[in-house]
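Trainee: Got a few minutes to go through this one with me? I'd like to look at some individual residues.
Mentor: Happy to, let's pull it up.
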Amino acid sequence: MTINVLPLRLAILLAVAGTALPARAIPAFARKYGTSCLTCHTAYPKLTPFGEAFRRNGYRFPGVDSDYVKQEQVALGQEANKKTFPKTVWPAALPISVPIAIGANGQAFAYPDKNASVPRASNGTQLALDDLVAEGHLWTGAALDDTITVWGELTLSPDGVDVEHAQLLFNDLLGPKHALNLVVGKGFPTLTSFGPHSSYLADLAMPNAPVTAIYSGSADPFVLVDNYTGLEVNGVVAGRGDWSLGFNTGKNSVGTVFPNESFYGHLGWKIGGMRLDGEGSQGPANAMEPWAETALTIDVFGYRASEHFGIPGAAPGATVAVRDGSSTLGAAVRAQAGSGEVDLGYYAQWHDHGTNDLAKVRAGVAYAEATYVVYPWFIPGIRVEDLMLSPNGGSTVSDLHLMPGAAFLVRPNVKIVLVANVEIGNGYPQDATGAPLGWQGGAADWGSFVLAPTDTATPTTKRSELESIAVFLAWAL
């Protein structure tokens, strides 16, 4: 079996998925409610328990949202129109100022070991400042009334402009309050009880595994946590349980439109601490330590996804495509005790046609993060991410990342994160000198992900390196 592996691409994708830290706070909400960003955030985009409740409620305060709005509103219709509906349009409101926030983020990398993967692949570079200003963001978030809200994010980068989020949220459709909501548009699928950026040390709390990019060179691989266009229904039941069911368009990097059928579901339950919907607590339980609570939250989720990508080696212009269906099962746990927090998670993923030879691939992803809020502006911690890949007919390999670091909140809307990345690779072939083989079997170091040995008799090796020390900077206004 021949597997065309792209290990350098994989190393880059893992670095981006695991450590890039875009700023996703929405200062427009602080202006709307006349409150500090710290009401909902610690070191943003990480949310406090109250901030998570605000997010789950469709970006609305518990209780009656309009009762807490401090910003002057412009009425879109008269209140009396409610009595004459459907002969008139149901009224709404807009903030008197445009509900837009702006921000930027970037990162710098130092590579202390000049013999590590990245310096060897980039002509000995040991300090990289190219992405110190990597992205600009425009966010919008507003309530049209007490049940309908909008949420959007526009990202600008050297690669162009991307509409990352554009959603309409219809809240409290039927039954008890918060029990049934509908989300329409483009955004992240809800796979746990917490926001996708619920980490102090990484962008995504749940790391991604871009399997088809690794083995088949897919330009836009399916990953669990990404921006997808679709529909989702979700809700909170009895204040302690939450659920979601969604359908989205999946991924298509071929250029020709193919029908995609991707769907997912999730169940979660919280024991102790603030209710998931925040009801009965119109603000943090502890004003001096809004992040602190004693609670245990358990989540399980499943995902059946569809992706279409071009067959490697197909004639230029040919519309020959592979459909890779994948199934994912996973679980996550968050344990909180005062200012301390531990997050654990694991998911297994099975791909039907994940390689360029259309072979099956099994991926296993485990992660853990332990942090402690020493001061509201200083949160040290350590994060661990482990990815295991097993293609049919190929070598099983694993890649472990140990990431000690700390988040610093210079101001409520200015953040710096310092993270070291120690990488341990296991299962890679080596040549007679003990050097890792390149992806085509040569003695080139393409990074820790070196797969597809050309000589199955070649012994495998375990190697580790201090991959990088990274500094991330983000601000929002």
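Trainee: Is His178 buried or exposed?
Mentor: Keep in mind that this is a predicted model. His178 is buried, because its relative accessibility of 2% falls under the 20% cut-off.
Trainee: And where does His178 lie?
Mentor: His178 sits in the loop between strand E7 (160-170) and strand E8 (181-187). Its phi is near 75°, a positive value in a residue other than glycine.
Trainee: Why point out the sign?
Mentor: Most residues other than glycine have a negative phi.
Trainee: OK, what about Ala238, buried or exposed?
Mentor: Ala238 is exposed, at 59% relative accessible area. Ala238 also has a positive phi, about 55°, without being a glycine. You'll find Ala238 in the loop between strand E9 (228-237) and strand E10 (241-248).
Trainee: Switching topic: which residues does a cis peptide bond join?
Mentor: One such bond joins Tyr44 and Pro45, with omega about 10°. Pro45 is in the loop between helix H2 (27-33) and helix H3 (49-56). A cis bond also links Phe85 and Pro86, where omega is about 15°. Pro86 belongs to the loop between helix H4 (81-84) and strand E2 (92-95).
Trainee: Last one: what does Ser326 touch?
Mentor: Leaving out residues up to four places away in sequence, Ser326 touches Phe222, Tyr303, Arg304, Ala305, Gln349, Trp350 and His351. Ser326 is in strand E14 (residues 321-338) and is buried, with a relative accessible area of 2%.
Trainee: Thanks, that helps!

Definitions and conventions:
Residues numbered from 1 in each chain as written. Predicted model: local features only at pLDDT ≥ 70, side-chain atom pairs only at ≥ 80, totals over all residues. Heavy atoms only, no water. Helix = DSSP H or I, 4+ residues; strand = E, 2+ residues; numbered from the N terminus. Buried < 20%, exposed > 50% of the residue type's maximum accessible area, 1.4 Å probe, protein only. Contact = heavy atoms within 4.5 Å.
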